[in-house]
Amino acid sequence: MGSTGGFGQSKEFLDLVKSIGEARSKAEEDRIVLHEIETLKRRITEPDIPKRKMKEFIIRLVYVEMLGHDASFGYIHAVKMTHDDNLVLKRTGYLAVTLFLNEDHDLIILIVNTIQKDLKSDNYLVVCAALNAVCRLINEETIPAVLPQIVELLGHQKEAVRKKAIMALHCFYQKSPSSVTHLISNFRKRLCDNDPGVMGATLCPLFDLITADVNSFKDLVISFVSILKQVAECRLPKSYDYHQMPAPFILIRLLKILALLGSGDKQASENMYTVVNDMFRKSDSSSNIGNAVLYECICCVSSIYPNPKLLEAAADVISRFLKSDSHNLKYVGIDALGRLIKISPEIAEQHQLAVIDCLEDPDDTLKRKTFELLYKMTKSSNVEVIVDRMIDYMISINDNHYKTDIASRCVELAEQFAPSNHWFIQTMNRVFEHAGDLVNVKVAHNLMRLIAEGFGEDDDSADSQLRSSAVESYLRIVGEPKLPSIFLQVICWVLGEYGTADEKFPASYITGKLCDVAEAYSNDETVKAYALTALVKIYAFGIATGRKVDMLPECQSLIEELSASHSTDLQQRAYELQTVISLDANAVESIMPSDASCEDIEIDKDLSFLNSYVQQALEKGAQPYIPENERDGMLNISSLRNQDDHEASMHGLRFEAYEVPKPVVPSRIPAVSLTSSTEFVPVPEPSYPREIHQPTSVLAMPDAGSSELKLRLDGVQKKWGRPTSSTSAPSTSNSTSQKTVNGAMQLAVMGTVNSKPRESPYDSRRPQVEISPEKQKLAASLFGPSSKSEKRPSSSGQKGEKASIHVPQKSQVSKAGVGSSNGMSVEKTAIQPAPDLLDLGELTAVSIASSVDPFTQLEGLLDPNQVPASVNHEAGGATKAPNIMALYADTPSSGQSIDIENQLPSNKDHANVLSGLLNSTSRSAHGGTIVMATTQFSKGPDPRNSLEKDALVRQMGVNTMSQNPNLFKDLLG
Amino acid sequence: MIRAVMVMNTQGKPRLTKFYDFQSVEKQQELIRSVFGVLCSRAENVSNFVDFDSIFGPDTRLVYKHLATLYFVFVFDSSENELAMLDLIQVFVETLDKCFKNVCELDIVFNYTKMHSILDEIVFGGQVLETSSAEVIKAVKSIG
């Protein structure tokens, strides 16, 4: 067709494409395109251009714009072309405007009228073209202009038009939901359209509508289930098959809708169990699309009210996905696992090695997906390994967006599950070191508070041990180049507060380090402020203990430099430092008490302690104070707050009345820290009531899952005290109690039959695979001891999971030996002792299949009260029947053998082109033989054809890269 | 919903782009460049999926297929099934192949309008409309 004879394009266009293809650089390409734009600008305005030529110009404009250049000068010509009567030209015009214009463009107003006219056209192709444009070009204001016509088109005789009209309404819904809310009944009606394609299209708007409001569509559950059943049973015409799968895209949409409708609704979900289970059995797991449907089934199962049988089927499919060699399937397997562990946490265990393989896979997408899974399954027993892995990965990547993401996840997990404070601090250090600029400031404040408050228990020695280990690690880290600002702030604060607390390091050593920081990061004022305040503290603590303070020369020069700083904050801190040093031990002790960062500060806002002093002064004849707002013409008096600011006051105005009241000094530090900024001064904000932490400390930890970003470390100490090996039993459960309660009875119900087939493939496979001890170790730390883990009964309840960490039940259960395999099924049924729906369902399915006509079935999916409406709509039931007959005439209801004969001629064509595809996908006898025959057949003409083409291609010089004459060979096998 | 469809060659030159929400020309170029950057850094034999939210906004991912000299890329959000999207690319390519008899890169360059007609039959306003290549070809042929 189009490929021969120079692609049916003019020489000019061919030349353009060729020269762009040959361009060696972006600059050269730009030059060519700019030249083309000049040409087009000139020629497009010439009078009397033949329409064919104009069409090519428009296409060249589109091409130019795709390469990133402005073609707006030609927009108007594209708009004009939409007015043309010729369908091809009109379509070209519509195509160009949909690519060029957005819905708010000024030119749209010129098109709306044309669209209106075209929607009414007798030629359905014109209508389709207009509908295409509607989606893109109509905005909220213009919707009413076309809405009535589009609603009318819902009853159009051509299914292609009905389909597109529905989609157009869907677009309107997305743009402005209120514009089509009165049309919801139309969507419901179209669900029962004669044409399955139209029905499939209706699922798109319904999916959105149901997402927005589940409850008003619960009545459709039955209809959706029966549609799903019919599609799955191949009741649709053969033309809807794709790779031997009946209408898979419709299946997937339906499953998505059912997932929404069944979420948290036991009654609705029970209607779905049978059909979803059928899907699990029927879907062909050897083709990609079959797996897509299976994956969607799992998503559906994990969303609806849990059913043990379905969960088991889902787990089966997941293990198939994970064992597959295809990365795509592993990816969806990991994703599906992440969905399912929310309901049955024990299933992750069976796949521990597969998960670890994915974690070490070179494929980045897969790796990220796996981290997402690990994030979901983190608990206090495996947090160390998981966070460690995450941080390693975080360090290895450059993508800032994802780095931020994973850093905040590390922080969240560490805060929620930290086994010890020491570990927490080490972890935070690593996160800050490598992604400090990307994490929330709050995290830094939390870390500082943790170090200050310690465990929140009466264990002072542990607290001070923690602090000195923090100080030590910071002194080690601080010398490293280019640390993130926020991390330096933490370091400075900790060194200032606790640097000299245990007297391990001399004050001069720490002050030296702090000066180095201030110097090395001289353009970061926040860090300098932190460093300076830390210096103040260290000197103050030194003075308070009565030692003689020797200020290092570099420190001296730093303070001198900062007292003249442009930043008033730094200046003030520098002066404060100087003042503090000159005070005596007593005064210093009261302004800078050691380790008092957690103490509440009492603020006397009225400054009542000054009253006597003021009184005295007034008695001596001083002027009374006039509040600032009552004075006018005064200059900035804020400088007066600082009574040490001699230099400044020399230059500025001096007001005798405010001369330095001495007693203010003691109160200044806290006062300043309040006023200057809560950001710089690491005194806990008054708004952070400390009481909050104490009550939560009792038993708050176990119910995890709360996402609040707060440290929850209090009171957890006792649990974390154990060595990991004993705490890492991952499965953990309340199964001991369950067993005694439910044991015998449930065993009778379920038997061991169900658990058998699921375990056996896994077991038989396992010994074959060589597993490195390293991996096993990792698996053990992630999922618990690897020995025979799959045999262990596992937890079902979220809550039990954490609460039972201490319970040494693991050994108990595995000792039970024989009982353990039963234990699993006990567990399963314990989740939900639902009646066995499946057997029942199969019975009904069979009976329906044999007794009821397929097309009446399709009708049967109508909402009962909708039936008459749609019949009326279709102008009487009598004409309808033959119609449907025709539709389903070639539906194979009897079996494959007839099917092969019927389909043979058409299949040949198909196989001819796609022989490779079919070869790889088809397992059934049906596909196999035909393909074998026809591939031989088709070999002849193909290579010649493609060689010719290749010659042309080479001549054009466009894709010099290709050495493959048949360019899609890899597709075709 | 499907957010964008792109076809580009292995040198990063766009051959067909369609964005289902409006993007300015500059933004389009930026997206094409970043998609190409991601794709050409991916090894052979890895999955066909890439998380894309750092480039295209939250909750977006892309599926691509590398065939001969071309990348076929679909960008979509979480309301679509990744594996199904992979098959949608397959539908698209199969249709092109039937339409052009052994499609190659040049067919795509020169039959720009036809490419768009085909794509418009398969994906409509960001939703999957038709997945049978026979039906698509029938519709495209009737346009002429």
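This is a tour of a predicted model with chains A and B, one selection at a time.

**Chain A as a whole**

Select chain A and colour by secondary structure. Its elements are 51 helices and 2 strands. Switch to colouring by burial: of the 973 residues in chain A, 51% count as buried. Chain A has an accessible surface of about 45300 Å², and carbon and sulfur atoms make up 54% of that area. Where contacts in chain A have a separation of 6 or more, 70% of them join residues 24 or more positions apart.

**Salt bridges near the start of chain A**

Over all chains, the structure holds 39 salt bridges. Begin with Glu36(A) and Arg60(A), and show their side chains. The two form a salt bridge whose closest N and O atoms are 2.7 Å apart. This pair links distant parts of the chain: Glu36(A) belongs to helix α2 (residues 26-44) of chain A and Arg60(A) to helix α3 (residues 51-66) of chain A, with their positions 24 residues apart. Both Glu36(A) and Arg60(A) are buried.

Extend the selection to Glu12(A), Arg43(A), Lys53(A) and Glu56(A). Together with Glu36(A) and Arg60(A), these residues are linked in a network of salt bridges.

**A buried lysine in helix α17**

Next, select residues 327-340 of chain A, which are helix α17, and pick out Lys330(A) within this helix. Which side chain of opposite charge is nearest to Lys330(A), and how far away is it? It is Asp361(A), at 4.5 Å. A salt bridge needs a side-chain nitrogen of Lys or Arg within 4 Å of a carboxyl oxygen, so a pair at a longer distance does not count. Lys330(A) is buried and has no salt bridge.

To see the surroundings of Lys330(A), display Phe321(A), Leu322(A), Ser324(A), Cys358(A) and Leu366(A). These are its contacts once neighbours within four places in sequence are left aside.

**Two salt bridges within helices**

Move to helix α20 (residues 364-376) of chain A, which holds Glu372(A) and Lys369(A). These two form a salt bridge, with the closest N and O atoms 3.6 Å apart. Why are they separated by about one helical turn? Because Glu372(A) and Lys369(A) are 3 residues apart in this helix. An α-helix has 3.6 residues a turn, so residues three or four places apart point the same way. Buried or exposed: which describes Lys369(A)? Lys369(A) is buried, with a relative accessible area of 6%. Glu372(A) is partly exposed, at 25%.

Then select helix α30 (residues 568-582) of chain A, where Arg573(A) and Asp569(A) are 4 residues apart, about one turn of the helix. Their side chains meet in a salt bridge of 3.0 Å, taken from N to O. Arg573(A) is buried, and Asp569(A) is buried as well.

**Helix α40 and its cover**

Select residues 773-783 of chain A, helix α40. The buried residues here include Leu778(A), Ala779(A), Ala780(A), Leu782(A) and Phe783(A). Now add α18 (347-350), α19 (352-359), α20 and α21 (383-396) of chain A to the view. They are among the elements that cover the buried residues of α40(A).

**Chain B**

Hide chain A and select chain B, which has 6 helices and 7 strands. Followed from the N terminus, the elements run β-β-α-β-α-β-β-α-α-α-β-β-α. Chain B has 144 residues, of which 75% count as buried. Its accessible surface comes to about 3800 Å², with 48% belonging to carbon and sulfur atoms. Of the contacts in chain B with a separation of 6 or more, 50% are between residues 24 or more positions apart.

Show the strands as arrows. An open sheet is formed by 5 strands of chain B in the order β2-β1-β5-β4-β3, and the pairing is antiparallel. Which strands are at the edges? They are β2 (14-19) and β3 (49-51) of chain B, each pairing on one side only. On average, neighbouring strands of this sheet are turned by 15 degrees against each other, direction ignored.

At the β3(B) edge, add strand β4 (residues 60-67) of chain B: β3(B) and β4(B) pair in the antiparallel sense over 3 bridges. Pick Phe49(B), whose bridge partner in β4(B) is Val63(B).

Finish with helix α5 (residues 112-122) of chain B. This helix lies across β1 (2-9) and β2 of chain B, running at about 40 degrees to β2(B).

Terms used. Residues are numbered from 1 along each chain as its sequence is written. Chains are lettered from A and ligands numbered from 1 in the order in which they are written. This is a predicted model: local features need pLDDT of at least 70, side-chain atom pairs count only at pLDDT 80 or more; totals for chains, interfaces and linings use all residues. Side-chain values use heavy atoms; hydrogens and water are left out. Buried means under 20% relative accessible area, exposed over 50%, partly exposed in between (1.4 Å probe, protein chains only). Lys and Arg count as positive and Asp and Glu as negative; His and the chain ends are not counted. Contact means heavy atoms within 4.5 Å. Accessible areas come from the Shrake-Rupley method with a 1.4 Å probe; for residues, only the protein chains shown count as cover. Two strands pair if DSSP finds at least two bridges between them. Axes are lines fitted to C-alpha atoms, for helices over the stretch in contact, and angles run from 0 to 180 degrees between N-to-C directions.
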